[in-house]
Amino acid sequence: PVGAEPAYLSVLNPEQRRAVECIDGPLLVLAGAGTGKTRVLTTRLAHILSTGRAWPSQVLAVTFTNKAAREMRERVAGLMGRAAEGMWLGTFHAIGARMLRRHAEVVGLRSDFTILDTDDQLRLLKQLLQASNIDEKKFPPRAFAAVIGRWKDRGLAPAAVPAGDSGLADGRAVEIYRQYQDRLATLNACDFGDLLLHNLTIFQSQPEVLADYHRRFRYILVDEYQDTNVAQYLWLRLLAQANRNICCVGDDDQSIYGWRGAEVGNILRFESDFPGAEVVRLERNYRSTSHILAAASGVIANNEGRLGKTLWTEGEAGEKVAVRGVWDQDEEARAVGEEIEALQRDGRSLAQMAILVRAGSQTRAFEERFIQMGLRYRVIGGLRFYERQEIRDAMAYLRVIAQEDDDLALERILNVPKRGLGDASVQLLHQAARAKGTSLMKAARHLVETDELRPRVRTTIRGLIADFDRWRAMLDGLSHAEVVETVLDESGYTEMWQNDRSPDAPGRLENLKELVQAIDEFDSLTAFLEHVSLVMDNDQDDTNEMVNVMTLHAAKGLEFDTVFLPGWEDGLFPSQRALDESGVAGLEEERRLAYVGITRARQRCYIFFAANRRVYGQWQSNIPSRFVDELPEDHVARDAQKGVYGSRAAGINEELYGGFVYEAPWLDAERRAASRKGGGRAEGSGRGRPEMIEASAEQVRIDDGPAAYRVGSRVFHQKFGYGKVAGIDDNKLTIDFDKAGRKRVMDSFVQPA
Ligand code: ATP
Ligand code: MG
């Protein structure tokens, strides 16, 4: 009877309803953005539970992010009027971990295994590389981590890696992979990739375990199916193969993780994997105005490899998508800021506005502008610019240059990049500093005048001190931006990331360039450093009233009333890497990203492109993204006045700014790194076995207070033994040791004998 039907069903359209009520058997919901896929999935979950088809513990629901899992949990509770406890609802990782804890012993782990973070993982790999005499400079641990991660994404345990797929270091990567897995087992640990990989091993080797899950999980639901990788796909297929009550929702046009191993093919294969599968298509978009929807559809229509779908909306036409060319990234940030203020004056909520960028380094200009304006913002799915590791490292160098007694800064970069100054050296510096009540740098200056340090460590530290003195002196002659560039080059810091083959290395290099750019905007290094400490102080509080800043990738599945899409320039978006690729795969993935971006908007969407971007203090002139041209004319409002910067077709850009070289290399760190000559900096230490050149900290004992020594005093030194003071120079003593001969030592490191 109609009257009895739950309210959550009656608000659905007929197709959505079919997807919710078609409970038994495999079901694929294949539909464009904003058509209610996630809503269908949530409602279906509530429906299964409230009609008593399954207990919460008998449903498995997979979301793409933890945030999405939380939202789904809340929405289900809202629909059902009570919290559903015990559901297996979470990301692939979260659910994989939960299962692995239950059967850890099968893969040689205990149920209390630890999940390594990236740092631990790299440290472990580093040890293995050293033991195998693999040159870390040529093949950094991160590169191995990336290769191993990709194998795991493909569901490949070491033994399963195909022979032709040998990875890095002349095929030794598979061997390292094997050793790495062995080490993890010894440590009772696993990495993120293992969470699913071990599950696969368990299911395949223990049929009764799998059968148990078949009995348990009556229903399986999966959101964002287009972005599953091979391991996730295999995992789902194994779990679903018995009762086949699996419902996946996805959109082939929103597959944006191909670069991380996702296979859009999984969605296309669904019907053959699960014969007899129902396929529901949703065509009505409930999210966006018709102009926004038409603009997005117009762009994605340029992709060839797609299933193709119709999308329509009964929503109002709304405002056209605003397209605006600006002079440079500062004007871009200013324009966005002004628009936000105008919307705010109209009573719109900041929480309903988002700035979606292609590259993480783009956030800085916006962050600075917002801070200046006093506009609250948060960076979702990432760190704020000045919190990022490479920025903090680079800033540490600058802080030591500005103020050599900044111990925290010095300690941070003492051995970054690696120069053979390990914990023991640092400890020794600390002891000396404490004993003298001075800073680490001052202590280092004294220590290198003595024999306290092993010769190689001494040479290294002496070199570092000289570097810092030289860089500081450069501030008199060069611009501070030039000095920063020099510092990053000469310290080997830039090179460290250039040699790093991990997927996040190019982004870090972009951020470093962006940092140089930022510094260039200040009068002095000190002014800049002060600015950053103020920026960092702008702590985020928990009010929700904040503008959202995030990458396009992080925005998947979300929606906002107003969306700003800056940086639509060839070379930035689409990225230079995608443009350089021979096939169209990369370009099509970028275009899907553009589609994801536009379709996040409910009411207003603004697209910006800048005629110029300063990179490393150099102006580069850019042409608008090809995606700008692909926007259907009827649905966009091109800024008439500013549009002069913007017609790619007319080549106006070149006419106007013909003097500038067209090149947008900031997304192309790899290429630059490749063309750059190799050749490491001679930094005192090899990458071999740093512990060999360490001063051993236990050998040093420090007196509570330095005693007064005279020439002729008998003293004891932990490292050199007994001896007689032969000379005194400030706080350094020359001592004739009985066994070690004449040495210079710190007075605080000896005691009266
Ligand atoms: P995406 O592809 O971006 O993940 P989606 O297909 O998952 O989008 P949802 O996020 O589920 O779409 O829905 C988009 C918006 O439309 C949401 O605000 C949702 O509440 C609303 N919506 C969906 N279906 C209906 C409906 N039948 N009636 C009213 N609003 C709806
Ligand atoms: Mg969704």
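How many bridges pair β18 and β22, and in which sense, parallel or antiparallel? In this predicted model, the two strands pair in the antiparallel sense over three bridges. One of the residues involved is histidine 717, whose bridge partner in β22 is valine 750. That pairing is a good place to enter the structure, and the rest of its sheet follows below.

As a whole, the protein holds 30 helices and 22 strands. Of its 753 residues, 46% count as buried. Among the contacts with a separation of 6 or more, 76% are between residues 24 or more positions apart.

The sheet that contains β18 is open and has five strands, in the order β21-β20-β19-β18-β22, with antiparallel pairing. Its edges are formed by β21 (741-746) and β22 (750-752), each of which pairs on one side only. From one strand to the next, the twist averages 45 degrees. In general, the strands of a sheet pair through backbone hydrogen bonds, and the pairing is either parallel or antiparallel.

Besides its pairing with β22, strand β18 (residues 714-717) is joined to β19 (residues 721-729) in the antiparallel sense, here over four bridges. β18 and β19 form a hairpin, with three residues between the two strands. Two residue pairs can be picked out for a reader following along in the structure: valine 715 has glycine 723 as its bridge partner in β19, and phenylalanine 716 has tyrosine 722. The side chains along β18 alternate. Val715 and His717 point to one face and are buried, whereas Arg714 and Phe716 point to the other face and are not buried. Histidine 717, the bridge partner of valine 750 in β22, thus belongs to the buried face of β18.

A second sheet, also open, is built from seven strands in the order β11-β12-β10-β13-β14-β9-β17, with parallel pairing. At its edges are β11 (377-379) and β17 (636-638), each pairing on one side only. Neighbouring strands in this sheet are turned against each other by 20 degrees on average, with direction ignored. At the β11 edge, three bridges join this strand to β12 (residues 547-551), and the two run parallel. Within this pair, tyrosine 377 stands opposite valine 547 of β12. Towards the other edge, helix α14 (residues 290-300) lies across β9 (321-326), β14 (601-610) and β17. The helix runs at about 65 degrees to β9.

Attention now turns to the ligand. Ligand 1 is surrounded by 19 residues, and the closest of them are Gly36, Lys37, Thr38, Arg39 and Tyr286. By class, this shell divides into five nonpolar, nine polar and five charged residues. Helix α3 (residues 37-50) provides the largest share of the shell, namely three residues. The UniProt record, an unreviewed entry, places a "binding site" feature at Ala31, Gly32, Ala33, Gly34, Thr35, Gly36, Lys37 and Thr38. Gly36, Lys37 and Thr38 therefore appear both in that annotation and among the residues closest to the ligand.Two residues of the annotated stretch, glycine 34 and threonine 35, can be described in more detail. Glycine 34 is placed in the loop between β1 (27-31) and α3, and threonine 35 is in that loop as well. Glycine 34 counts as buried because 26 other C-beta atoms lie within 10 Å. Threonine 35 is likewise buried, with 27 other C-beta atoms within 10 Å. Leaving aside residues up to four places away in sequence, glycine 34 touches Asn285, Tyr286, Arg287, Ser288 and Thr599. On the same basis, threonine 35 touches Leu282, Glu283, Arg284 and Asn285. Tyr286, a contact of glycine 34, is also one of the residues closest to ligand 1.

A further loop position is alanine 262, which lies between β7 (246-250) and α12 (265-268). Is this residue buried or exposed? Alanine 262 is buried, because 22 other C-beta atoms lie within 10 Å. Its contacts, not counting residues up to four places away in sequence, are Asp227, Thr228, Asn229, Ser255 and Tyr257. The C-alpha atoms of alanine 262 and valine 230 are separated by 7.0 Å, although the two residues are 32 residues apart along the chain.

Key: Residues numbered from 1 in each chain as written. Chains lettered and ligands numbered in written order. Predicted model: local features only at pLDDT ≥ 70, side-chain atom pairs only at ≥ 80, totals over all residues. Near = placed C-beta within 6 Å. Nonpolar A, V, L, I, M, F, W, Y, C, P; charged D, E, K, R; others polar. UniProt positions renumbered as here; feature names shortened; annotations may be inferred. Buried ≥ 20, exposed ≤ 12 C-beta atoms within 10 Å, placed from the backbone. Contact = placed C-beta atoms within 7 Å. Pairing = 2+ DSSP bridges. Axes fitted to C-alpha atoms, helices over the stretch in contact; angles between N-to-C directions.
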